[in-house]
Amino acid sequence: MRPSSAEPGEAEMNMLKRAFRRCIAILLAAILLAGCASAAPEIAGLEYESSMELSYATEFSVDYYVGGYKLLSVSDGSHYLVVPEGAEAPVGLESDIIVLQQPLDAIYMVAAAAMSLFDALDAVDAIRLSGTQASGWYIDNARFAMEEGRMLFAGKYSEPDYEMMISEGCDLAIESTMILHSPKVKEMIEMLGIPVFVEYSSYESHPLGRTEWIKLYAAMLNREAQAEAFFEEQSKVIDELKDFENTGKTVAYFYLSSDGSVVVRSSTDYVAKMIEIAGGKYIFDDIGDPESKRSSVSLTMEEFYAAAVDADYIIYNANVDESVSDLAGLMGKSELFADFKAVKEGNVWCTGKYLYQATDIVGKLITDIHQMLLGGEENMTFLFRLT
């Protein structure tokens, strides 16, 4: 006898609905977790924990993994795995990931712009070798360390002392992008088993993006809390200036190279952003290729004249060309400067020679430019008027 095909009762229907909702919830949760997992950098043998929060920097990232492992990623596609002291790199690590074994306490520092960040972290003693002579350092603690023999000169970026690097147990070479012009040197250092880290802070479009690289170096040294506190203080410079209205005054920032061309900053460079934050207007509002991220552009003197002759202020970048220390020195570069509005009105300024080493306090240049635009010149850190 066939059973009757009775419709399910209300209780059964409610039970089926609840079961259906549970299935949907489980499915959605699975999809969500899968999405999160795919977003996290996957490293065989390591469990992802979190990522470093960044306010301005866009050229690097730091991801944290269980056990104290950290992945440093740079905009050129390089990846560096920081392995805690006493631990080992995971088995099956991708070949393109460079291992940095802690402690990192015998560093060869060639990227001069990074030294001030190590200094701000009270970590100059982690640097054993320098690519700059003692006389070339404007950072007191770096110069003192070399004078006392705690830091040794190991040759410039293109001619390092390989034997010294080996004998001193160098565990990391921190290079500027200049090393890309000497690829064989980079290859040789790597052949010696020394990892090479190329820093791209100069590619940051915001001035505090450069300073925020202190967080990356802090990750190498387990000093993140110190970096966060320092960076917060530097960020206050921007907060203090954010309410100032733009003065509308135009500014040209440049230097003359040995071949007679004029080198200016691209419109997307951090210097242009500094001028904007300070309340000015960078005279070159559409120059350079944003895709290439090149920080500078070379112009003929005639091209520079046409664009900057009516600029309200001109700033000479003496940290690249130290030959200009007064107005006569600038005028000797070209007679065309006599026609410049800024020259006629006495608004020609120059940067201090140590600016390129002061990545930790670049915000102070913003304050200097702001003061310049308002007609002041007392207690400046980087700028001085050419007379």
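1. Asp 285 is exposed, with a relative accessible area of 58%; here exposed means over 50%, buried under 20% and partly exposed in between, using a 1.4 Å probe and protein chains only. Its side chain meets that of Lys 281 in a salt bridge (3.8 Å, N to O), a term for a side-chain nitrogen of Lys or Arg within 4 Å of a carboxyl oxygen of Asp or Glu. Lys 281 is partly exposed, at 38%.

2. A word on the basis of these values: this is a predicted model, in which local features need pLDDT of at least 70 and side-chain atom pairs count only at pLDDT 80 or more, while totals for chains, interfaces and linings use all residues. Residues are numbered from 1 along each chain as its sequence is written, and side-chain values use heavy atoms, with hydrogens and water left out.

3. You may like to look at Glu 168 next, which forms a salt bridge with Arg 128, the closest N and O atoms being 2.9 Å apart. This pair links distant parts of the chain, 40 residues apart: Glu 168 sits in the loop between helix H4 (162-167) and strand E9 (172-175), and Arg 128 in strand E7 (residues 127-130). Helices (H or I, at least four residues) and strands (E, at least two) are DSSP runs, numbered from the N terminus. Glu 168 is partly exposed at 28% relative accessible area, and Arg 128 is also partly exposed, at 22%.

4. The side chains of Glu 377 and Arg 385 meet in another salt bridge (3.0 Å, N to O). Glu 377 is partly exposed at 43%, as is Arg 385 at 24%. Elsewhere, Asp 125, Glu 148 and Arg 150 are joined into one network by salt bridges that share partners. The whole structure has 15 salt bridges.

5. Now to the largest pocket: on a 1 Å grid over the protein atoms alone, a pocket is an open set of points where a 1.4 Å probe fits, with protein on both sides within 12 Å along at least five of seven lines, and lining residues have an atom within 4 Å of a point. Forty residues line the largest pocket, with Ser 176, Thr 177, Met 178, Ser 202 and Ser 295 nearest its centre. Among the elements that each supply at least two lining residues are helix H2 (112-120) and strand E11 (250-256).

6. Finally, Met 191 belongs to helix H5 (residues 183-191). Met 191 counts as exposed, at 66% relative accessibility.
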